[in-house]
Amino acid sequence: MEETYGDTYDEERKKREELEKIMEENNKKIEAAQKKLAEEQLKLVEEQRRMLEEKQRMEEEDKRRKRREQEMILNKKNARPKLSFSLGK
């Protein structure tokens, strides 16, 4: 009967060790998946930042262009060349 108890104990220990190994492998897989997700989120944030910077640059460029156009219309800062007319014979 002690042989059976010893065999049962060994079987239980092996099962426990196998389950612990499986849990360890699963934890490694989870960590790898979390790392990959974090990297993907970082890439997404960086892409959103680049898009925002590009949008701001374009808005600033458009603002400068409109300002130049207004200056030309209003002839501010001598943006438009002066015209001279002469009635000569």
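**Salt bridges along helix H1**

Visitor: What is the secondary structure of the chain, and what share of its residues is buried?

Guide: This is a predicted model. The secondary structure consists of one helix and zero strands. Of the 89 residues in the chain, the share that is buried comes to 1%.

Visitor: How many salt bridges are found in the whole structure?

Guide: Side chains of opposite charge can pair when their charged atoms come close. A search for such pairs throughout the structure gives a total of 11 salt bridges.

Visitor: Which residue meets Arg13 in a salt bridge?

Guide: The partner lies three residues away from Arg13 in helix H1 (residues 2-74), so about one helical turn separates the two. Arg13 itself is partly exposed, at a relative accessible area of 28%. The N to O distance of the bridge is 3.9 Å, and the partner is Asp10.

Visitor: What is the N to O distance in the salt bridge of Arg49 and Glu53?

Guide: Both residues belong to helix H1 and are four residues apart, about one turn of the helix. Arg49 is partly exposed, with a relative accessible area of 42%, and Glu53 is partly exposed with a value of 42%. Their side chains meet with an N to O distance of 2.9 Å.

Visitor: Which residues are joined into one network with Glu69 and Arg65?

Guide: Glu69 and Arg65 form a salt bridge, their closest N and O atoms being 2.8 Å apart. In helix H1, Glu69 and Arg65 stand four residues apart, about one turn. Salt bridges with shared partners join this pair into one network with Asp62 and Lys66.

Definitions and conventions: Residues numbered from 1 in each chain as written. Predicted model: local features only at pLDDT ≥ 70, side-chain atom pairs only at ≥ 80, totals over all residues. Heavy atoms only, no water. Buried < 20%, exposed > 50% of the residue type's maximum accessible area, 1.4 Å probe, protein only. Salt bridge = Lys/Arg side-chain N within 4 Å of Asp/Glu carboxyl O.
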